[in-house]
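Visitor: I would like a close look at one part of this protein, the nonpolar core. Please take me through it, and then through what surrounds it.

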Amino acid sequence: MKIDKALEEEIQALGDNHIMTSYDTPLREDAFDLSDEDKIASIKSDVARIMETLGLDMTDDSLKGTPNRVAKMFVKEIFGGLHPDRKPKASTFDNKYKYNEMLVEKNITVYSTCEHHLLPIVGRAHIAYISNGTVVGLSKMNRVVDYYAKRPQVQERLTIQVVRELQKVLGTEDVACVIDAKHLCVNSRGIRDIESSTVTAEFGGKFKNEKTRLEFLDYIKLDTKF
């Protein structure tokens, strides 16, 4: 694909700047016209061309299966959250036991991919909500994080998407999420700072109140061991 000069200059001007253009993942209208199998076949060819351009011997036993493995990984695994059919069905239940305090699910594993360099984002998410009459299964919160993480992402967008999805599922604004993650685009290239991590937060409803927000942040500091 040939990039015109004006677009190339715009890309160069952005450099490594951290840009998020939308709360929604930017997708074309025809994003799902191709089947998974067609996408795998196309990506396989593209990966093979990249590897050949780098000068790799694609007849080597260790390398010749790589394009197919990468293509399947992209479509079925690390970018599987792009397809709406894979969105987890979050079953909700009536809060019959009248639990009206904050519920916190902490240390949810985050594996995502930076959309600027296609390198991993690895960390933990902490989620809280206050029921207004509806509760959700605990594992569904993990699944929501996993679904939105499995796409090219920026951490700010991921945090917002998790909160908005759970607000919709639970029928309440009282949802919060904090994510603490390492970005390999910072840790393994560029500045190569292996110690830094990025923290993002989204607070909805009652969590905008300082007392409620601090209560949530105190909960996620608890050192849970088994």
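Guide: What follows starts with the core and then moves outward.

This is a predicted model, in which local features need pLDDT of at least 70, side-chain atom pairs count only at pLDDT 80 or more, and totals for chains, interfaces and linings use all residues. Residues are numbered from 1 along each chain as its sequence is written, and side-chain values use heavy atoms, with hydrogens and water left out.

First, the frame. The chain has seven helices and seven strands. Both are DSSP runs numbered from the N terminus: helices are H or I with at least four residues, strands are E with at least two. The order from the N terminus is α-α-α-β-β-β-β-α-β-α-β-α-β-α. Along the principal axes, the C-alpha atoms fill a box of roughly 65 × 40 × 40 Å.

Now the core. A nonpolar core is a set of buried Ala, Val, Leu, Ile, Met, Phe, Trp, Tyr and Cys residues joined through side-chain atoms within 4.5 Å. Buried means under 20% relative accessible area, exposed over 50%, and partly exposed in between, with a 1.4 Å probe and protein chains only. In soluble globular proteins, nonpolar side chains tend to be buried together. The largest core here has 25 residues. Ile127, Tyr129, Val145, Leu158, Val162, Leu166 and Ile179 have the most contacts inside it. Strands E2 (102-114), E3 (120-130), E4 (134-136) and E6 (175-183) each give two or more residues to this core, as do helices H4 (138-149) and H5 (155-170). H4 supplies the largest share, six residues.

Take Ile179 as a close-up. Contact means heavy atoms within 4.5 Å. Residues up to four places away in sequence are not counted here. Ile179 then touches Val110, Arg124, Ala125, Gln155, Leu158, Thr159, Thr198, Val199 and Thr200. A second, separate core has nine residues, including Ile130, Phe207, Phe216 and Ile220.

Stay with strand E6, where His183 also sits. His183 counts as buried because its relative accessibility is 8%. Beyond its neighbours within four places in sequence, His183 is in contact with Pro120, Ile121, Gln155 and Thr198.

Next, the cysteines. A disulfide is a pair of cysteine sulfur atoms within 2.5 Å. The whole structure has zero of them. For Cys177, the nearest cysteine sulfur is that of Cys114, 18 Å away. Cys177 has 0% relative accessibility, so it counts as buried. Cys185 is in no disulfide either, and its nearest cysteine sulfur, again that of Cys114, is 3.8 Å away. Cys185 is buried too, at 12% relative accessible area.

Two loop residues give a contrast. Lys98 lies in the loop between strand E1 (92-94) and E2. Its phi is positive, about 55 degrees, although Lys98 is not a glycine. Lys98 counts as exposed, at 62% relative accessibility. Arg192 lies in the loop between helix H6 (184-187) and strand E7 (198-203). Arg192 also has a positive phi, near 55 degrees, and is not a glycine. Arg192 is exposed, with a relative accessible area of 58%.

Last, the whole chain. Buried residues make up 35% of its 226 residues. Among contacts with a separation of 6 or more, 69% join residues 24 or more positions apart.
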